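User: I'd like to go through this model with you and see how its labels follow from their definitions. Could you take me through it?

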Amino acid sequence: MDIIVNQSLVVGSSYLSKDYVAASTAFTVENTEQFTAANGLVVFGMIGSVNAELISILSSKTATVLNMGSGCSFNHSRGEPVQQVTYD
């Protein structure tokens with residue numbers, strides 16, 4: 001089954017710069033410019049894939065680091081997409 005993503009729901013995107021293990025809360029990405037700083041929802045991994053997960057952003061970020069409100073449940077690999085969405 002193909003999954004069709006409504007791209008109008010994606011408001012920011014980047015890629016992980018390194019590998020992360022489950023429970024990580026700070027993620028280095030290529031660029032955070034398109035991400036809002038507070039209370040945004042971010043999908044780690046390909047939307048619709050088995051290990052994709054939705055986590056909210058804390059109120060702080062840097063040019064390349066997203067600080068999340070909770071740790072991730074799965075391991076994530078360098079190069080995986082990271083996308084901010086408007087709602088879950």
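User: What makes both faces of β6 count as covered?

Analyst: Happy to explain! P81, Q83 and V85 on one side and V82 and Q84 on the other are all buried. Buried means under 20% relative accessible area, exposed over 50%, partly exposed in between (1.4 Å probe, protein chains only). In a regular strand the side chains alternate between the two faces of the sheet. One note: this is a predicted model, where local features need pLDDT of at least 70, side-chain atom pairs count only at pLDDT 80 or more, and totals for chains, interfaces and linings use all residues. Residues are numbered from 1 along each chain as its sequence is written, and side-chain values use heavy atoms, leaving out hydrogens and water.

User: Why is β6 called mostly covered?

Analyst: Five of its five residues, 81–85, are buried. For the protein chain, 32% of the 88 residues count as buried.

User: How do you know that β1 and β6 pair?

Analyst: Two strands pair if DSSP finds at least two bridges between them. Strand β1 (residues 10–15) has five bridges to β6, in the antiparallel sense, so the pair qualifies. Y15 has P81 as its bridge partner in β6.

User: What makes β3 a partner of β6?

Analyst: Four bridges join strand β3 (residues 41–44) to β6, and the two run antiparallel. Here F44 stands opposite V82.

User: How many helices and strands does the protein chain have?

Analyst: Zero helices and six strands. Helices (H or I, at least four residues) and strands (E, at least two) are DSSP runs, numbered from the N terminus.
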